[in-house]
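Good morning, and thank you for coming. I would like to take you through one helix contact and a few charged pairs. Please look at the structure as I show it.

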Amino acid sequence: LRMLPYPGVGWQLLPEDSACVSGECSGGGGGGSGSSGKAARSQGVLLLTGVRSVTPGYILADGAVAHAPPHARFEYNTRDVFRADADGALSYVCRADDLLVHSSGEKTNPVPLEQALNRACAEWLEGVCVLGSGWPRPIAVLQLSPRVVDATELERRACADGVLSAIEALNARLPPFSRLEWRHCIVLVPG
């Protein structure tokens with residue numbers, strides 16, 4: 001996706017840090033420069049400046065166009081990463097936040113899932129990573145603790161039962177498209 005902002009709409013490419021992604025970062029200092037298309041930074045979170053309206057008008061049910069009244073100028077943080085191209089166009093790179101967009105269009109924030117499983121399974125797992133952009137559902141990568149590898153068969157079964165119970169408890173609080181299925185969990189053994 002390549003774009004040129006409307007004439008009169010400026011833009012900046014902000015650093016890809018958490019403050020700029022969450023919208024707590026504003027234009028000042030270090031971004032690209034507006035409509036000239038020359039950026040101090042070649043890639044970053046796109047901030048549109050001097051925006052009057054998201055759209056110049058609305059199409060009504062009868063097909064007529066109702067023009068939007070001009071709004072006070074404001075900044076709009078897209079929370080998307082763009083690259084400034086040599087010709088002044090902006091090319092979309094990726095989302096700047098952690099949302100997974102599934103093949104259905106539904107979205108899952110993996111961070112709370114990872115945190116919940118890390119807390120519930122701390123004695124068995126060393127880490128959890130939830131993936132799934134472009135997939136129908138999330139996929140979990142579970143890194144076993146070295147202690148589990150050296151455990152007895154009975155302890156390993158307790159580990160599997162504990163992780164499965166934690167996933168089931170987590171799933172009970174999630175919408176169907178965000179639920180983890182055991183068959184979609186990849187278990188990594190250290191070493």
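Let me begin with a term: a salt bridge here is a side-chain nitrogen of Lys or Arg within 4 Å of a carboxyl oxygen of Asp or Glu. Please keep in mind that this is a predicted model. In general, side chains of opposite charge can pair when their charged atoms come close.

With that criterion, Glu181 forms a salt bridge with Arg137, and their closest N and O atoms are 2.7 Å apart. This pair links distant parts of the chain, 44 residues apart: Glu181 belongs to the loop between α4 and β12, and Arg137 to the loop between β10 and β11. Arg137 counts as partly exposed because its relative accessibility is 23%.

Glu181 has a further partner. Its side chain also meets that of Arg183 in a salt bridge, at 2.6 Å from N to O. Arg183 has a relative accessibility of 67% and therefore counts as exposed. Arg137, Glu181 and Arg183 are thus linked in a network of salt bridges.

How many salt bridges does a search of the whole structure find? The search finds six. One of them joins Glu123 and Arg147, with the closest N and O atoms 3.8 Å apart. Glu123 lies in the loop between α2 and β10, whereas Arg147 is in helix α3, so this pair ties together parts that are 24 residues apart in sequence. Arg147, at 43% relative accessibility, counts as partly exposed.

I turn now to the helices. The axes of helix α2, residues 110-120, and helix α4, residues 153-171, come within 10 Å and cross at roughly 140 degrees. Angles over 145 degrees would count as roughly antiparallel, so at this crossing angle α2 is oblique to α4. The crossing of α2 past α4 is right-handed.

Which residues make the contact? From α2 they are Leu113, Ala116, Leu117 and Ala120, and from α4 they are Ala166, Ile167 and Leu170. By class, the residues of this contact comprise seven nonpolar, no polar and no charged.

Finally, consider a charged residue of helix α2, namely Arg119. Is Arg119 buried or exposed? Its relative accessibility is 62%, which means that Arg119 counts as exposed. Between Arg119 and Ala166 there are 9.5 Å in space, C-alpha to C-alpha, although the two are 47 residues apart in sequence.

Thank you for your attention.

Conventions:
Residues are numbered from 1 along each chain as its sequence is written. This is a predicted model: local features need pLDDT of at least 70, side-chain atom pairs count only at pLDDT 80 or more; totals for chains, interfaces and linings use all residues. Side-chain values use heavy atoms; hydrogens and water are left out. Axes are lines fitted to C-alpha atoms, for helices over the stretch in contact, and angles run from 0 to 180 degrees between N-to-C directions. Helices (H or I, at least four residues) and strands (E, at least two) are DSSP runs, numbered from the N terminus. Angles under 35 degrees count as roughly parallel, over 145 as roughly antiparallel, 65 to 115 as roughly perpendicular and the rest as oblique. A crossing is left-handed if the near helix is turned anticlockwise from the far one by less than a right angle, and right-handed if clockwise. Contact means heavy atoms within 4.5 Å. Ala, Val, Leu, Ile, Met, Phe, Trp, Tyr, Cys and Pro count as nonpolar, Asp, Glu, Lys and Arg as charged, and the others, Gly among them, as polar. Buried means under 20% relative accessible area, exposed over 50%, partly exposed in between (1.4 Å probe, protein chains only).
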